[in-house]
Amino acid sequence: MRIHRLSIRAFGPFADTVEVDFERVSESGLFLIRGATGAGKTSLLDAIVFALYADVPGARSKKGLHSDHADRHVVPQVSLDFTAGGRLLRLERSPEFRRPKARGTGETTVPAKAVLFEHRHGGWAALSTRHDEIAEVVQDVVGLGMEQFSKVVLLPQGDFAAFLSATPEQRRTLLEQLFDVSAFTGVEEWLAERRKETALAAEGERGALSADLGVLGEILASSPLTGDADGDPDADWSQVPPAQLPARVQDTRARLASAVDRALAELDAARLADVAAATAHTSGSELAARQERLRQARSSMEALDEGSDVHLTAVSLLEAASRASAVSGDLAAWDRAATAVAAARDRLDTAEQETERLAPRGSDTAALDEVVAQVGRAGLPLAEASHRVTAAAPRQAEHDELSRLLSRLQAEGQACAAAITAAAQDREAAEAAAQRAADAGAAAEAGARAIAELTRHRLLRAEQDTESAALADEQSALLAARDVAQEARELYQNAVQRRLDGLAGELAAQLHAGDACPVCGSAEHPSPATTADPVTSDEVDAAERSWQAAAAQAASHAERVAAIAASLAARAQALAGDERTAAQLDEELMRARLDHDVVRATAAQSTVLQAAAVQAVERCQTLEQRRGSLHDEVTSTAATLATLERELEADRRAVESCLAEHRMQCPCGVAAQEQAAMDPDRALSGHQAALRQLEDRVQAAAQLTTAQSGLDQMRDLLDATLTEHGFASPQDAREHLLAPERLSELRAQVAAYEHRRVAAQAVLDDPQLVSAQDLPEPDLAALAEASHLARATLLSAASAEALARRSLDGLTRVAATIGQRCAAVDQACAAHDVARRLADVVGGVGADNTLRMRLSAFVLAARLEKVATLANERLATMGEGRYQLRHSDGLAARGARSGLGLEVLDQWTGQARSTSSLSGGESFMASLALALGLADAVREEAGGFDLQTLFVDEGFGTLDDDSLEQVMDVLDGLREGGRSVGVVSHVPELRSRIPSQVVVDKTERGSRVRLRVTDESVPAA
């Protein structure tokens, strides 16, 4: 993978757009990324990681990446061009951020976006905008996850320095992020899960067996064996060994089967006794019932004889009601005919009253027909007049519409003439304003150039003032840091000298009388040295680290002083000849901007005013055309209106003629009433109403004649029917008619009397009941008591037999499964024991695993050995080949996990020691070698892909000159094969060694980036 270009906007400390051309800065293969603390060096690396993986490494959150220096509405964006897997790709991402709402108050969340491009056929083609698809492509072409990329490509020295002195368990966590051991961790997890599953299975089988034993105890507790001296219903079956359980259960079942046989014999005897007692009680009950029925029948017959008179009266009423019902239909028909005659007479009276003005009351049919014919003929002229009015209605509507249109056209013509005058005035004003705006354009361009020059000088003067104050602060801090460094150096030299002085005393303290001295070999020790002020090697190392840290701090301040001084010199050169202060520049800039705003506002209206002038001319032309069109429309409309008025006058004269003819013919006088209104429709409607009234009178007279004839015929039929059924008059028949409810009541009363009499007689005639009256009455209470006692004995015996049988059935079912449960418990316990031991060993917690080493850690140990081998290839060049890293599987203290230990072999002494004993510079070289070794090992693990771009982040400040030279040789070696290496550091020594640089400057308005290629300084954005 090779990185070509990085572009950043509103991301981290970068407010404006920043672009880094890595192709240009890495032409020599090695380049430096430098800048003050907090300027944003690491943010460049974060941007690369975010572009690839939509996240940033470490504890930083991807939801707070929007630059605080940028406007809240600006969308943060990162764009990265890179080659991987033989493909030239571009990734553009913007993180999720919050901005103010466009409307109202509050904030809204803008979601993250991403676009993946590929360079094809000379141009960029979009591949995808979906995050999941982009992640798959990145994983496929890069071959690394984010954790691997941030460790293998970025090489953060702080992480690997911690890895160098970490515990084995901490090393395992990092190695699992870099190497894929998921198959082995999967085995660990599967075995741990298997251990839980087998434990649950064994517990489940034991629980099932306990449940069966609990059921067994419940069965025995309620069984007939409860009082059996041989049984032991209160025994604790859970204490019985599983091997003895089946035999014990079968023995108990045999005793329970004997109890069932005894209960069955007792049940048979109780059943026979119950049948005999029930039969005796049933016979006595039947005899008592027959005797009671006979007594009730005699009593009922006596009551019926007493009510015979009431029964005969009801029968007589029913007979008369039946005859009256036969003539009820004729009575109803005669009533309907009388009602029809009365209705017809009322209708004729009403019709005669309404038409009395046309024909007098009592007129015969011939006279009425003549009046109807005369009125009908008089309606023809009215119909003709109504037709003419209807035909003239559209012409009248058209006449009214044209009248309104003519008024509107005349008003619009007057308004058009006034608008033509106003448009001519607007045209002259617009042309004059457009000419003034065109003259202001040239003045605006000159003002813009002056403002740009004043702004540049004002920015340079402000930066000069800020950096002057910063230079004074840094110079003071540099002096203080140098004093601290000098004091730390003196303390370190003093500690070294005291350590050297104390070594003789330590050797003398180890001498014994008669032993040879390890220095001179003599067995005599006349004057052994003493230690007055002892110092340990750890104290010397601590003093050295303090001195190196103070020196690095002083160097950092010196670097910042030099950078600020160089920047001040550049700004002084740019401001040469300009003696104006910042306040003077601000005043001139404000005046220039005010003047420029006025001129620019006028010039900005040039295009608009010219367009307005053109529109004013066009409007004048349009209005002239409209005025001519309106004149033609007024002339045409007036001519059409005159023609319509002549046609409407002819229609009015024809209607008046029809109405006059109607008045001469019609006797009702309707047209005379409507003459003033000239409304033929209303006259025709009134005339037709009078005609309908005459026709109704003719129909009413005919209806009355027909109804009277029907009434006379119905009277003759009714008299014959009444005589036939024995009634003297219609009133007599109506009095014997009964309501349906009363008829039903009488019929039910007669039927009930006859039914009771027949039933009582049938009982009195029954020979069995007659014979029962001579027998003695049975003692039902004694018979019922005997039957009840026999049934209680039967129920008790049946309950005992059912209980014994249920107990036997339950015991049989439980006995069939207890043996299987015992075998399943043994099998489950054995399986759990195997799974537990194997999971404990693989998980590093078993007694057989003395190193407490996981299976995945065992696999990672081989990777760590490979990493150490690859790291030693680089470490042999650094530190004069003194140290080698070596994997150790030594047992950790206090029962901690082991197997991933790391130690340093000092080849000068041949002794192995802890990595924590290395000095600061030695730790940096070892951690750098370890980081490069891990990168090589991960590349081999991922398929051998080639990383063409690497970054080494910080740590060079702990090296002395010789060690730095050795490290630079290693970094030079990394450039083989066209690889480019970026070093992130603020160590001053590296500026002269690495000419190609990416310089990150921090300002109040956000950080900026400059590229230094050899002696040339190029702004990156």
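Three strands form an open sheet in the order β10-β11-β12, with antiparallel pairing, where strands are DSSP runs of E of at least two residues and helices are runs of H or I of at least four, numbered from the N terminus, and where two strands pair if DSSP finds at least two bridges between them. The edge strands are β10 (883–888) and β12 (911–914), each of which pairs on one side only. Neighbouring strands of this sheet are turned by 40° against each other on average, with direction ignored; the axes behind this angle are lines fitted to C-alpha atoms, for helices over the stretch in contact, and angles run from 0 to 180 degrees between N-to-C directions. Strand β11 (residues 901–906) pairs with β12 in the antiparallel sense over 4 bridges, and L905 has A912 in β12 as its bridge partner. In general, strands of a sheet pair through backbone hydrogen bonds, either parallel or antiparallel.

The model is predicted, so that local features need pLDDT of at least 70 and side-chain atom pairs count only at pLDDT 80 or more, whereas totals for chains, interfaces and linings use all residues. Residues are numbered from 1 along each chain as its sequence is written, and side-chain values use heavy atoms, with hydrogens and water left out.

Helix α3 (residues 131–142) has 12 residues and reaches 16 Å from its first C-alpha to its last, close to the 16 Å expected at 1.5 Å a residue, the expected span being 1.5 Å times one less than the number of residues. The buried residues of α3 are I134, V138, V141 and V142, where buried means under 20% relative accessible area, exposed over 50%, and partly exposed in between, with a 1.4 Å probe and protein chains only. These buried residues cover an arc of only 85° around the axis, which puts them on the same side of α3; the arc is that of the directions from the helix axis to the C-beta atoms. The face of α3 turned away from this buried side carries the exposed residues E136 and D140. Just after α3, G143 takes a positive phi of about 80°.

Positive phi values also occur outside glycine, and the two residues below are examples.

| Residue | Phi | Loop |
|---|---|---|
| A10 | near 55° | between β1 (2–9) and β2 (18–21) |
| A54 | near 60° | between α2 (41–53) and β4 (77–84) |

Most residues other than glycine have a negative phi. A10 is buried, with a relative accessible area of 0%, while A54, at 22% relative accessibility, counts as partly exposed.

Turning to the aromatic side chains, the count comes to 4 aromatic pairs, taking rings of Phe, Tyr and Trp (its six-membered ring) as paired if their centres lie within 6.5 Å, with planes under 30 degrees apart counted as stacked, over 60 as edge-to-face and the rest as tilted. One of these is the tilted pair of F22 and F31, at 5.9 Å centre to centre and 55° between the planes. F22 counts as buried at 3% relative accessibility, and F31 is buried with a relative accessible area of 0%. F31 also forms an edge-to-face pair with F951, at 6.1 Å centre to centre and 80° between the planes. F31 lies in strand β3 (residues 30–35) and F951 in strand β13 (residues 949–953), so the pair ties together parts that are 920 residues apart in sequence. F22, F31 and F951 form one aromatic cluster.
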